[in-house]
Amino acid sequence: MRAKHLFACFVLTVVLLLVTVTPALAEFTDVGESPYKKAINNLAAWEIVGGYKDGLFGPDDHLLRAQFAKMAVLTMEYAVSEADISTFLDTPAVDPANPLYPGAYAAVAAANNIMQGYTSGNFGFWDNLTRQQLITVTVRAAGDVLAPPPAGYQGELNYSDPTHGANIKRAEYNGLLDGIANLATWDTTQEATRGETAELLHALFTMTLRLVGPGGIERLSIADVMGMESSEGFGGYRNSLGNVTGPLRFKGVSLADLMALVGGGTTVTFHASDGYRRTFNAAETTGTVAQLDPVSGEELKDRDPLTLILAYQVGDAALAYGDGPLRTALVSAAADQVTASKLWIKQIVKIVVE
């Protein structure tokens with residue numbers, strides 16, 4: 001297993017950084033019929049995207065390259081200051097009320113090879129972002145998280161563009177474009193919409209696991225996680241209504257092994273793709289939790305701690321859609337216990353260790 005470099009999860013509006021409390025899900029009044037509703041709502045819950053003052057998101061609206069540069073820099077958590085001077089020929093004069101936008105963000109984006117200017121020396125600040133530019137920026141940011149397509153691979157799209165063709169092929173092969181409506185007729189030379197951008201970034205966002213801890217930040221692909229030493233056992237959960245799921249056999253990676261990648265710690269906050277997050281205390285992270293009889297629901301006494309894993313498989317299959325690709329599971333060698341459903345977090349995309 002090898003850890004991957006950070007890449008952008010980009011943002012679509014002028015929302016700055018992720019907050020530390022669970023954000024409320026935005027209720028946009030114009031995304032109900034959009035094929036990108038889930039992506040928009042999930043990214044809004046993370047405050048990665050935002051809407052307009054009138055409560056609309058504008059899924060069919062376009063993005064400026066200036067806006068996208070700022071979004072990319074902020075989500076990659078690059079440092080940006082007034083010392084970052086844009087050398088692009090079309091850089092606007094500095095606005096004292098907002099001195100970093102757009103020049104400083106463009107300078108940092110270019111310095112980190114996320115976005116580039118034109119051969120004319122211009123950045124094209126006020127140009128609309130095209131679909132192929134969006135794809136290329138996303139692929140650059142993802143780096144080696146995306147596997148190279150095999151020789152002879154041909155999907156739905158055209159890869160002949162000398163600048164963007166290889167990136168379009170790589171994105172399609174790795175599933176970044178699976179959620180795009182009518183992909184076979186999707187013209188990548190046209191301008192990207194906010195809805196399409198949300199869908200693409202959501203796909204990228206959910207195919208990786210971000211680990212943040214005392215020792216730094218790591219980004220793992222799902223393949224990286226599955227390549228680590230595996231841990232498996234039986235577990236299940238009981239909800240507040242008394243309904244029981246399991247015990248079932250789960251396979252994944254122990255939380256202890258993941259924590260070690262970023263310097264260890266005692267408490268862990270799990271973040272789900274829909275914005276939900278929950279912090280596990282030191283006892284919970286080590287599997288010291290109440291274990292319940294699957295039939296009676298009564299607490300089992302004098303039990304050894306369970307193993308808390310980040311599961312990617314149940315039985316012999318991948319996790320069901322809506323649960324995975326990664327979720328918490330508390331397991332033991334014997335199929336004789338379940339735990340509280342609040343400890344079983346679905347769709348995990350980020351783990352913060354403290």
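Select Ser-86 and Phe-88 to begin, and look for the place where a polar atom of the Ser-86 side chain lies 3.3 Å from the backbone nitrogen of Phe-88. The model on your screen is a predicted one, and this pair belongs to a part of the chain without a helix label, since Ser-86 sits in the loop between α2 (65–75) and α3 (103–111). Now add Thr-91 to the selection, and you will find that its side chain makes a polar contact with the side chain of Ser-86 at 2.6 Å. Is Ser-86 buried or exposed? Its relative accessible area is 15%, and because buried means under 20%, Ser-86 counts as buried. To see what surrounds Ser-86, show Thr-91, Gly-103, Ala-107 and Phe-125, which it touches when residues up to four places away in sequence are left out of the count.

Stay in the loop between α2 and α3 and move to Pro-102, which is placed there too. The peptide bond joining Tyr-101 and Pro-102 is cis, with an omega of about -5 degrees. For another cis bond, go to Gly-246 and Pro-247, where omega is near 5 degrees; Pro-247, however, is found in strand β4 (residues 244–254).

Next, select helix α4, residues 131–142, and compare its length with what its twelve residues should give. At 1.5 Å a residue the helix should span 16 Å, and because its end C-alpha atoms are 16 Å apart, the two values agree. How many of the twelve residues of α4 are buried? Eleven are, which leaves the helix mostly covered; among the buried residues are Arg-131, Leu-134, Ile-135, Thr-138 and Ala-142. Just after the helix, select Gly-143 and note its positive phi of about 60 degrees.

Keep α4 visible and add helix α6, residues 194–206, whose axis comes within 11 Å of the α4 axis and crosses it at roughly 15 degrees. Angles under 35 degrees count as roughly parallel, and therefore α4 and α6 are roughly parallel to each other. The crossing in which α4 passes α6 is right-handed. To display the contact itself, colour Arg-131, Leu-134, Ile-135, Thr-138 and Ala-142 on α4, together with Glu-196, Thr-197, Leu-200, Leu-201 and Leu-204 on α6.

Pause at Thr-197, a residue of helix α6, which counts as buried because its relative accessibility is 0%. Follow its side chain to the backbone oxygen of Thr-193, which it reaches at 2.7 Å.

Now bring in helix α1, residues 37–45, which packs with α6 at an angle of about 70 degrees, the axes being 8 Å apart. That angle makes α1 roughly perpendicular to α6, and α1 passes α6 in a left-handed crossing. On the α1 side, select Lys-38, Ala-39, Ile-40, Asn-42 and Leu-43, which meet a group of α6 residues that includes Gly-195, Ala-198 and His-202.

Finish with two asparagines. Asn-113, in the loop between α3 and α4, has a phi near 60 degrees, a positive value in a residue other than glycine; at 49% relative accessibility, Asn-113 counts as partly exposed. Asn-182 lies in the loop between α5 (165–173) and α6 and has a positive phi as well, near 55 degrees. Is Asn-182 buried or exposed? Because its relative accessibility is 62%, Asn-182 counts as exposed.

Key
Residues numbered from 1 in each chain as written. Predicted model: local features only at pLDDT ≥ 70, side-chain atom pairs only at ≥ 80, totals over all residues. Heavy atoms only, no water. Helix = DSSP H or I, 4+ residues; strand = E, 2+ residues; numbered from the N terminus. Buried < 20%, exposed > 50% of the residue type's maximum accessible area, 1.4 Å probe, protein only. Polar contact = N/O pair within 3.5 Å; in protein donor to acceptor, adjacent residues only side chain to side chain. Contact = heavy atoms within 4.5 Å. Expected span 1.5 Å × (residues − 1). Axes fitted to C-alpha atoms, helices over the stretch in contact; angles between N-to-C directions. Parallel < 35°, antiparallel > 145°, perpendicular 65-115°, else oblique. Left-handed = near helix turned anticlockwise from the far one by under 90°.
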